[in-house]
Amino acid sequence: MVPLPERDPVSARVPTTAVVMALGALLALSLFAQGVGGAVDTGPDALELDGGAVEPDDGPGLVDQTVTSANATGNATFSTSAYRADRGDVVEITVELSDADRGALATVSLGDSNGTNYTTGVTVADSDGDGAVTIFFNTYTAGTHVRDRVFWAESGAVENWRGEDGGFVERLEARYGGAGVPAGTEGDLANRSRARRALLPAGDYRLSVVGHEGNQSVDTSRVDDVATLSLADRAAESSQVMVVPAGDVGAFDREYVRTNAGTSLTRSVLAARGEAVVHRVVASGLEGAIRNWTRNEGYTIEEAFFAESGRDGIWNAAVEQVDIEPEAERPRFRATAENSRVVGDPANDTFYVAFDLDEVGYFSPNLEDGERWSLQFHTSGVLANDTVRSNWTYRDSYAPLLPWSENRLRPRNASEAVIRNSVGVTVAPGTELSLAIEATDPEASPLSRTLETTVGPNRTVAFRTDLSDVPVGTEFRAVLRRDGTQLDDGSVYSGEVLAVPPAAVTVDDQNVTELDPEVTVASARLESGGFVALHAGNASGPVVGSSASLAPGNHSALRIDLARAVPNGTRVVAVAHRDTDGDVTFDFDPTDPDSIDGPYTDYGSPVADDAVVTVVEYTGTFRVSNLKPTGIVVEPGEIVETVAATVQNAGERRGIQSVEFRVGDAVVANRTVSLAAGESTTVSFENVDTSALAPGSYTYGVASASDDALAIMTVESLDPPNFRVTGLSPSAVTAAQGEVIETVSAQVENVGDRTGTQTVALRIDERVVARQQVTLDPGDQWAATFDDVSLTELSPGAYTIGVSSANDSATGALAVEAPSLTATPSPTPTATPTPTETPSTSSTTATPTASDTATATATPTGGTDGGSSTDGESAETTATTSGSGPGLSPAVAMLVVIAVGVGLGLGLRRSGGEP
């Protein structure tokens, strides 16, 4: 055997010393972590702001999201506590600075790394001194690390930016790379493209602000004001088809939309040759991408729209044919700068995409009359797949005029002759048309003029001119043009000027009431006087009403009572009649061809006009007053006996309405009331149940379709059942194990405002020994009694005994003693040799308690029964320490044991003992 070399005492000692020092260091660190080492400032580092113009920090070096001055002025507030936007949009955050000098600073922090996984912060200056700064936060470009694309300000300036941080940013960087770089560089373009990769997630983002002066230290522990930014998912919400008339397509811009919406720019399901079909889209989440281009690249909204559209874009607008053969490829064309115009209002999520129908199409065939197409707007990529569409029909351009026969126009030689359209007009409202009229024989008549008109909102056409100086019978030729070009092949007419008829009458579609059926004839002209009669169906149909005798000349707003009821939707014909027998009484019989008081005729046809009559209920004007009671205070579920009000018909005719009793916005009950003109009545509502109303204040009252009388109803809040427990008896008990407590009782009272049912239990500590169920009205009391409570299952010791409800408990002390036993002698133990004395060690366990002093209880582990420990015996000591000290964790105790063991081993080595 090769003998082991002797150990150098120094070399043997150094490792042991190192171990001891290392253990000591670990012990110190553990104590330091538990607070033993004294108070430590664990607050975040402070960020110095110099208050001047600072180059943007495009890196992600972000401190905690809540940034505020250590000397916060308390003068910075948000304009509202809740800001709302959709993902991809731009949020306007207004900070108000009170009592602040020009150039005062405010630091706004956004986000929460724990909750929303995104944080950023920006410092702005009130550079114009108006006391407010509006910050714009682009949720679309968030995560790009490019300050000017993420934040900008109005009525102030962005002074400093602390970058962006959080899991959202980290995932972007991990997948696409790059960090913040100066705007305008190649890296900036790469970062900007990252905005197309991910949108800031939906959720609630915490906002905090602090106002401060320049050169102040900004700490993260205080704020002046807080708010919430709620970011919702974006959506394409709606679409409409509109049309722009030919001639206006080139003028389609933001001002055109603003001034012509509803006139030249109208909703329509038709669009004709030469016009522009417009897709009005309401879609949120586009604003951020649009403004990323308009602010930073100088693009117009239209240029920005097309920059983000197309195959590689995040949206596109297109037109696709609908009525094609099954399985056939759908002809489709996409909006481009060459064939379309775009007007956008990104802040209001509204965009108008106008397709010039003279510039779009496909190879074979081209757009054809009657084809159905679909306008589509689709988002994709970071905006998610979402599509809205609206269908429309392509038509050739038509505006047929109203001929009498064989495409002949027959205006009158009147001072206001009118040439109107026939059915089938396809050109858009707002279209400017002209009608060139030339006499066929210029020598016989000098008739030569061009009339102009604009197509009305319902595609109506009316050319007006004075032909009173044109001889009756003059023949002419007329050509209908748009923008100086003949509108279509059928837009050439022949015509003849006719004499003014001896009578004229006009009547419009209208509503009549069941209670007072009356038709109003708009105008009538009777050359020789007479009557206006109403015929059902046609001019020779039965007479359902007639006017009184009318003098020769013009009349307007003739009110004619219907002599008999007519069905809803009846077509009535107003016919001008002569008074042939001069008796001022209308005696016409439509079944007799030779009847007296026959109609005026114009070239053999009765002078007439027709309209559709819709029969409705006349509501009148019902005034409501004298509400009783004018204020109600009830408890939930209480019945209100009667609510009443006076209702009067202030109209000129009998009316009928539904009169309602309302609470808040809800209709609780209603009555149908019919009143003559000026008549009044009392309308009552009985036994109004309030059980569905939660505590609070409500507007209630009686309302008609015209008026209401309102007051306030207060539903009082009632406390729920509350079972209070008092008077526990006995309040302290001492008994031996196995004994029985005769009775435990307590008083239970419902101190709430409502009847309730609860379980009342007898408990010993947390164990339910017995229970009883009880129902108590408000204010009722009940004696809870529990008899023969056995202590058999309880071990000797101290317990809490009590009676409890769901709301309260009354408790006392219970001491259970061991039962008394008779002692039995035991043999004297035989002496046992004492073993060689061995050094003892002690183990200490720290148990925190709520006491203020430390006590130690020694438990013998050796010697005779009941004897105390002797020299050589080990004693296990349990120490109870106060809660005021830091305490030692089990890990620290283990380190202490190891350190002591190592120390003992080192001592043994030095004394020559075994290692």
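A pocket is an open set of points on a 1 Å grid over the protein atoms alone, where a 1.4 Å probe fits, with protein on both sides within 12 Å along at least five of seven lines. The model is predicted: local features need pLDDT of at least 70 and side-chain atom pairs pLDDT 80 or more, while totals for chains, interfaces and linings use all residues. Residues are numbered from 1 along each chain as its sequence is written, and side-chain values use heavy atoms, without hydrogens or water.

**View A. The largest pocket of the predicted model and its lining.** Its volume is about 1,200 Å³ (the space filled by probe spheres set on the points, which are joined across faces, edges and corners). The lining comprises 33 residues (those with an atom within 4 Å of a point). Arg412, Val418, Arg420, Pro501 and Ala504 are the ones closest to the pocket centre. Two or more lining residues come from each of these elements: strands S25 (417-420), S32 (503-507), S34 (518-526), S40 (605-606) and S41 (608-616). Strands (E, at least two residues) and helices (H or I, at least four) are DSSP runs numbered from the N terminus. By class, 20 lining residues are nonpolar, five are polar and eight are charged (nonpolar: Ala, Val, Leu, Ile, Met, Phe, Trp, Tyr, Cys, Pro; charged: Asp, Glu, Lys, Arg; polar: the others, including Gly).

**View B. The open sheet S33-S41-S38-S35-S36.** This sheet holds five strands with mixed pairing; two strands pair if DSSP finds at least two bridges between them. Strand S33 (510-513) and strand S36 (543-546) are the edge strands, each pairing on one side only. From one strand to the next, the twist averages 35° (axes are lines fitted to C-alpha atoms, with angles from 0 to 180 degrees between N-to-C directions). Strands S38 and S41 run antiparallel and are joined by six bridges. Within this pair, Arg571 stands opposite Val612 of S41. Strand S41 also gives two or more residues to the lining of the largest pocket.

**View C. The open sheet S43-S49-S48-S45-S46.** Here, too, the pairing is mixed, and the sheet is formed by five strands. Strand S43 (631-634) and strand S46 (666-675) each have a single partner strand, so one side of each edge strand is left without a neighbour in the sheet. On average, neighbouring strands of this sheet are turned by 20° against each other, direction ignored. Strand S48 (residues 696-703) runs antiparallel to strand S49 (residues 708-715), and eight bridges join the two. One bridge pairs Gly701 with Leu710 in S49.

**View D. Gly655 at the sequence start of strand S45.** Strand S45 covers residues 655-663 and has its place in the sheet order between S48 and S46. Gly655 counts as buried because its relative accessibility is 0% (buried means under 20% relative accessible area, exposed over 50%, partly exposed in between; 1.4 Å probe, protein chains only). From C-alpha to C-alpha, Gly655 lies 7.6 Å from Glu617, and the two are 38 residues apart in sequence.

**View E. The cis peptide bonds before Pro629 and Pro730.** The bond from Lys628 to Pro629 is cis, with omega near -10°. Pro629 belongs to the loop that runs between strand S42 (622-628) and S43. The bond from Ser729 to Pro730 is likewise cis, and its omega is near -10°. Pro730 sits in the loop between strand S50 (723-729) and strand S51 (732-736).

**View F. Positive phi at Asp597 and Asp765.** Phi is near 60° at Asp597, a positive value in a residue other than glycine. Asp597 is placed in the loop between strand S38 (570-577) and strand S39 (601-602). With a relative accessibility of 0%, Asp597 counts as buried. At Asp765, also a residue other than glycine, phi is positive and near 55°. The loop between strand S53 (756-764) and strand S54 (767-776) holds Asp765. At 38% relative accessibility, Asp765 counts as partly exposed.

**View G. Helix H6 and the glycine just after it.** H6 spans residues 287-296. Its buried residues are Glu287, Gly288, Ala289, Ile290, Asn292 and Trp293. Just beyond the helix, Gly298 has a positive phi of about 75°.

**View H. The whole protein chain, for orientation.** The secondary structure consists of eight helices and 60 strands. The chain has 915 residues, of which 41% count as buried. Of the contacts (heavy atoms within 4.5 Å) between residues at least 6 apart in sequence, 68% join residues at least 24 apart.
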